[in-house]
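Subject: Structure handover

Hello,

Here is the structure I promised to pass on. Please open it first, then read my notes beside it.

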Amino acid sequence: MNSEKMMELMQDQDFKEVMQAIMMKNSEEQKKSTQRKYRALNQYAAKGQTLFVGSSLMEWFPINEMQLTLNLKHIIYNRGIAGSTTADLLEVMDDCIFDLAPSKIFINIGSNDIGSVGPNGYEKETLLANYNKIMEQIKERLPQCEVYVMAYYPINAKADYGLDKSRKAMMFATRTNSNILEANTVIEELANKHGFHFINVNEGLTDEDGNLKAEFSTDGVHMWPGAYAVILENLKKYL
């Protein structure tokens, strides 16, 4: 098939829907595989340590390597699962949180809710309701745990990362910095309601326009280790 025919096929709506369905199926299988891996690892993990939990922006935080430079007296475990929404986390709370019985939790979940392209799209009310359930369960089952609810990271929808127009439009339809800032405000209120810490560790991530610095990101959303080094520096006082 020549390049012209390939481009024509890629613009076909039926083809796009089929490819999206395949991608969603693969994503669900990957999430289940990661959950099974964590369930196995939990058998060897120490209780009462520090936990990172969330979606890809947490799973891809290279804290396993970076914590070696911190001289901490405790271990940081990462139980982020790429592609997860707040609804997904509610389904895996035992494997990703409670089986570890952490003394501290850093949680960053909901960016995929904001960027949702499902049938209902982004619904702030659903994000809040699910996040509230997450916080309620943590408060009930881990009453002595210190919980740090992290502000959502900024995005960059302007820089050119080589994404095709349709994919880029889908990624940033509702995943905007204005929606992220609004979500941060309501999630902070929710965290305060439960007596949890709300922390914004985004200082140094943005350019003069408030976008995620282009050089920090792989696609406008996900980040290189250099960006996580900035975040970790901001996080140190809480660890």
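Below is what I found, taken topic by topic.

**Confidence**

This is a predicted model. The protein averages a pLDDT of 90. A score of at least 70 is reached by 89% of the residues. One stretch needs care: residues 5-23 stay under 50. For that stretch, the model has nine contacts beyond four places in sequence. Where pLDDT is low, the predicted coordinates should not be read in detail.

**The nonpolar cores**

Start with the inside. The largest nonpolar core has 43 residues. Which of them touch the most other members? They are I97, I107, Y131 and V149. Several elements each supply at least two residues of this core. Among them are the strands β1 (50-54), β3 (104-108) and β4 (146-150). The helices include α5 (86-91), α6 (93-96), α8 (124-141) and α10 (177-193). Helix α10 gives the most, with six residues.

A second core lies apart from this one. It has 24 residues, including F52, I63, M66 and Y153. As a general point, nonpolar side chains in soluble globular proteins tend to be buried together.

Now look at I97 in the largest core. Which residues does I97 contact, leaving aside its neighbours within four places in sequence? The list is L51, V53, V92, P102, I105, I138 and L142.

**Salt bridges**

The structure holds six salt bridges. Three of them are described here.

First, E28 and K31. Their side chains meet at 2.8 Å, N to O. Both residues lie in helix α2 (residues 13-41). They are three residues apart, about one turn of the helix. Are the two partners buried or exposed? E28 is partly exposed, at 36% relative accessibility. K31 is buried, because its relative accessible area of 9% falls under 20%. The pair also belongs to a network of salt bridges that links E28, K31 and D88.

Next, R141 and D94. Their closest N and O atoms are 3.1 Å apart. R141 lies in helix α8 and D94 in helix α6, so this salt bridge ties together parts that are 47 residues apart in sequence. R141 is partly exposed at 46% relative accessibility. D94 is partly exposed too, at 37%. R141 has another partner: its charged end sits over the ring of F98, 4.0 Å from the ring centre.

Last, K236 and E233. Their side chains meet at 3.0 Å, N to O. K236 is partly exposed at 41% relative accessibility, and E233 is partly exposed at 49%.

**Aromatic pairs**

A pair of aromatic rings is described by the distance of the centres and the angle of the planes. The count here comes to five aromatic pairs. Two are worth a look.

Take F61 and Y228. Their ring centres are 4.6 Å apart. Why does this pair count as tilted? The planes stand at 40°, which is neither under 30 degrees nor over 60, so the pair is tilted. F61 lies in the loop between α3 (56-59) and α4 (63-66), while Y228 lies in helix α11 (residues 225-235). The pair therefore ties together parts that are 167 residues apart in sequence. Both rings belong to buried residues: F61 has a relative accessible area of 2%, and Y228 has 1%.

Then take F106 and Y148. The centres are again 4.6 Å apart. Here the planes are at 10°, so the pair is stacked. F106 is in strand β3 and Y148 in strand β4, 42 residues apart. F106 is buried, with a relative accessible area of 0%. Y148 is buried as well, at 6%.

These four residues sit in one aromatic cluster with F52 and Y238. F52 is also one of the residues of the 24-residue core.

**One more spot**

Finish with L41. L41 lies in helix α2. L41 is partly exposed, with a relative accessible area of 40%. How far apart are L41 and D95 in sequence and in space? They are 54 residues apart in sequence and 9.5 Å apart in space, C-alpha to C-alpha.

Best wishes

Key:
Residues numbered from 1 in each chain as written. Predicted model: local features only at pLDDT ≥ 70, side-chain atom pairs only at ≥ 80, totals over all residues. Heavy atoms only, no water. Core = buried A, V, L, I, M, F, W, Y, C linked by side-chain atoms within 4.5 Å. Buried < 20%, exposed > 50% of the residue type's maximum accessible area, 1.4 Å probe, protein only. Helix = DSSP H or I, 4+ residues; strand = E, 2+ residues; numbered from the N terminus. Contact = heavy atoms within 4.5 Å. Salt bridge = Lys/Arg side-chain N within 4 Å of Asp/Glu carboxyl O. Phe/Tyr/Trp six-rings, centres within 6.5 Å; stacked < 30°, edge-to-face > 60°. Lys NZ or Arg CZ within 6 Å of the ring centre and 35° of its normal. pLDDT = per-residue confidence, 0-100.
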